[in-house]
Amino acid sequence: MTPAQRRETLLEHCAPEILKSGVQGLQMNIADDLATTPSPAPTPPFSEPFIAQVNIWVDNESDRSGCENILRAANFELHGYRVDEWVYTEYGENPNAPQPRDWPDGTRSPGILAVNILRKPKRVPRDKWMRRWFGHQSPMSEWMQPRMRYIRNVVEDTITPGADWCDGIVEEAWPSTEHVTNQKLFYGAKNNLQLIKHFGIMMKSVVGILNLWNITTVMTSEYIVKTPPA
């Protein structure tokens, strides 16, 4: 599919059918023709980036099978995960998005959304990795970077056959393409000296929880199709 075709397929064909199944919430983050911002992270070698992230909230895990069938019938290959979602910053909770979300369900969110796949290095025990991610990386990056929204999904289990294992899925909403491509804006720096300092702080933190050669970041358009329960 072209990026425009996958947007049309997911939003106009799959989403209505998924909603009919009675899901509690539905969000589609799509690498579509409107997501033209380049990724701030290089694509890992021998990796084929995903083309969409579909978040589904259900009362019972067994309710997901119908949703999966809808996506497979549209010729998507699925890598499914059960996650524990942690909303660190919601729209309207920081100066980069001072107003709460006011656009209706199904409308493309403003800005650009980066979806990051996190894979814990084998050298780091999981409890230590979680402390570094939640206790340092999250507050440090929130202080430094101009994000509008920050969602952490801790992967609890794979739920589709053959799904590649990962440890976390992060969603970061940015106000504009410039906030991603302009290094000073991206690292919250006022000048070149501060840029070097902030870049060093970020890299020291990131290499403590990730292998730099094994981070997958895909830039997407965010569509909150049905607002999930609080």
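Why can strand E6, residues 168-174, be called largely enclosed by the rest of the structure? I would like to begin there, and I should say at once that what we are looking at is a predicted model.

The answer lies in burial: seven of the seven residues of E6 are buried, so the strand is largely enclosed by the rest of the structure. It helps to recall that in a regular strand the side chains alternate between the two faces of the sheet. If you follow E6 with that in mind, you find Gly168, Val170, Glu172 and Trp174 on one side, and Ile169, Glu171 and Ala173 on the other, and the residues on both sides are all buried, so that both faces of the strand are covered.

Let me turn to the strands that pair with E6. Strand E4, which spans residues 112-118, pairs with E6 in the antiparallel sense over seven bridges, and if you want one place to find this pairing in the model, look at Asn116, whose bridge partner in E6 is Val170. Strand E5, residues 149-158, also runs antiparallel to E6, and six bridges join the two; here you can look at Asn153, whose bridge partner in E6 is Ile169.

Now to the helices, where I will take two pairs in turn. Two packed helices are described by the angle between their axes and the distance between the axes.

In the first pair on my list, helix H1, residues 3-20, and helix H2, residues 64-73, have axes that come within 9 Å and cross at roughly 155°. Since angles over 145 degrees count as roughly antiparallel, that makes H1 roughly antiparallel to H2, and the crossing of these two helices is right-handed. On the H1 side, Leu10, Cys14, Glu17 and Ile18 take part, and they meet Cys67, Ile70 and Leu71 of H2. By character, the residues of this contact comprise six nonpolar, one charged and no polar.

In the other pair, helix H3, residues 126-144, packs with helix H6, residues 192-206, at an angle of about 160°, their axes being 10 Å apart. H3 and H6 are therefore roughly antiparallel to each other, and their crossing is left-handed. From H3, the residues His136, Gln137, Met140, Ser141, Trp143 and Met144 meet His198, Ile201, Met202, Ser205 and Val206 from H6. The residues of this contact divide into six nonpolar and five polar, with no charged ones.

To return to where we started, the strand to look for in the model is E6, with all seven of its residues buried, and with E4 and E5 each paired to it in the antiparallel sense.

Key
Residues numbered from 1 in each chain as written. Predicted model: local features only at pLDDT ≥ 70, side-chain atom pairs only at ≥ 80, totals over all residues. Heavy atoms only, no water. Buried < 20%, exposed > 50% of the residue type's maximum accessible area, 1.4 Å probe, protein only. Helix = DSSP H or I, 4+ residues; strand = E, 2+ residues; numbered from the N terminus. Pairing = 2+ DSSP bridges. Axes fitted to C-alpha atoms, helices over the stretch in contact; angles between N-to-C directions. Parallel < 35°, antiparallel > 145°, perpendicular 65-115°, else oblique. Left-handed = near helix turned anticlockwise from the far one by under 90°. Contact = heavy atoms within 4.5 Å. Nonpolar A, V, L, I, M, F, W, Y, C, P; charged D, E, K, R; others polar.
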